[in-house]
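Me: I want the reasoning behind the labels, not just the labels. Walk me through them briskly.

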Amino acid sequence: PQAQYWMGALLFEQKRYDAARTHLQRALSLDPRCVDCMAHLAHLAYLGADDALCASLLAQAEAIDPDHAQANLVSGMLANRTGRYDAAIQALTRVVEKAPGSAPASMAAWTARAASLAWPSSMAFFRASSTSFIGAS
């Protein structure tokens with residue numbers, strides 16, 4: 001199962017999602033408690049906008065390891081996309097606490113906080129700030 005998982009994880013990083021899914025599903029069938037497999041498959045479901053499958057895989061992963069970083073990251077991203085900002089902040093905060101250098105989790109948590117405060121100008125401010133920093137010489 002480990003070889004299948006690692007091949008799937010590598011293919012995921014290479015954005016070869018169909019091939020990654022095949023290896024990850026095979027790894028999960030060999031080891032039904034593979035939380036890493038569930039988290040990657042949930043991420044693939046998220047990217048494919050299959051929110052029901054994503055949520056199902058995340059629930060399975062959380063039942064085994066509620067502190068799994070990638071599962072919490074995907075859970076936070078899904079909660080943010082579906083407007084459940086409190087759940088997004090909670091999941092993403094867990095990731096940031098476990099891995100303080102996680103830029104994706106930090107950015108997603110910031111976005112969820114801004115959205116939860118109904119602060120519509122926050123994203124415009126962020127885009128303007130980013131553009132001015134990038135354009136600065």
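Reply: What follows takes a few labels in turn and sets each value against its cut-off. Keep in mind that this is a predicted model.

Me: Start with the overall make-up. How many helices and strands are there in the protein chain?

Reply: The protein chain has 8 helices and 0 strands. From the N terminus on, the elements run α-α-α-α-α-α-α-α. Of the 137 residues, 37% are buried. The accessible surface comes to about 7800 Å², and 60% of that belongs to carbon and sulfur atoms.

Me: Now the packing. Why are α3 and α4 called roughly antiparallel to each other?

Reply: Helix α3 covers residues 35–47 and helix α4 residues 51–64. They pack at an angle of about 160 degrees. The cut-off for roughly antiparallel is over 145 degrees. The angle is past that, so α3 and α4 count as roughly antiparallel. Their axes are 8 Å apart, and α3 passes α4 in a left-handed crossing.

Me: Which residues of α3 and α4 make the contact?

Reply: From α3 come Val35, Met38, Leu41, Ala42, Ala45 and Tyr46. From α4 come Leu53, Cys54, Leu57, Leu58, Gln60, Ala61 and Ile64.

Me: What makes 1 residue in the contact of α3 with α4 polar?

Reply: By class, that contact has 12 nonpolar, 1 polar and no charged residues. Gln60 of α4 is in the contact. Gln is neither on the nonpolar list nor on the charged one, so it counts as polar.

Me: And the pair α2 and α3: how do their axes cross?

Reply: Helix α2 spans residues 17–30. The axes of α2 and α3 come within 9 Å and cross at roughly 145 degrees. The crossing of α2 past α3 is left-handed. Tyr17, Ala20, Arg21, Leu24, Gln25, Ala27 and Leu28 in α2 meet Cys37, Met38, His40, Leu41, Leu44 and Leu47 in α3.

Me: What makes 1 residue in the contact of α2 with α3 charged?

Reply: The contact has 10 nonpolar, 2 polar and 1 charged residues. Arg21 of α2 takes part. Arg is on the charged list, so Arg21 counts as charged.

Me: One residue to finish. How do you know whether His43 is buried or exposed?

Reply: His43 lies in helix α3. Its relative accessible area is 14%. Buried means under 20%. His43 is under that cut-off, so His43 is buried.

Me: Leaving aside neighbours within four places in sequence, which residues is His43 in contact with?

Reply: With those neighbours set aside, His43 is in contact with Phe12, Gln70, Val74 and Met77.

Note on methods:
Residues numbered from 1 in each chain as written. Predicted model: local features only at pLDDT ≥ 70, side-chain atom pairs only at ≥ 80, totals over all residues. Heavy atoms only, no water. Axes fitted to C-alpha atoms, helices over the stretch in contact; angles between N-to-C directions. Helix = DSSP H or I, 4+ residues; strand = E, 2+ residues; numbered from the N terminus. Parallel < 35°, antiparallel > 145°, perpendicular 65-115°, else oblique. Left-handed = near helix turned anticlockwise from the far one by under 90°. Contact = heavy atoms within 4.5 Å. Buried < 20%, exposed > 50% of the residue type's maximum accessible area, 1.4 Å probe, protein only. Areas by Shrake-Rupley, 256 points an atom, 1.4 Å probe, with all protein chains shown as cover.
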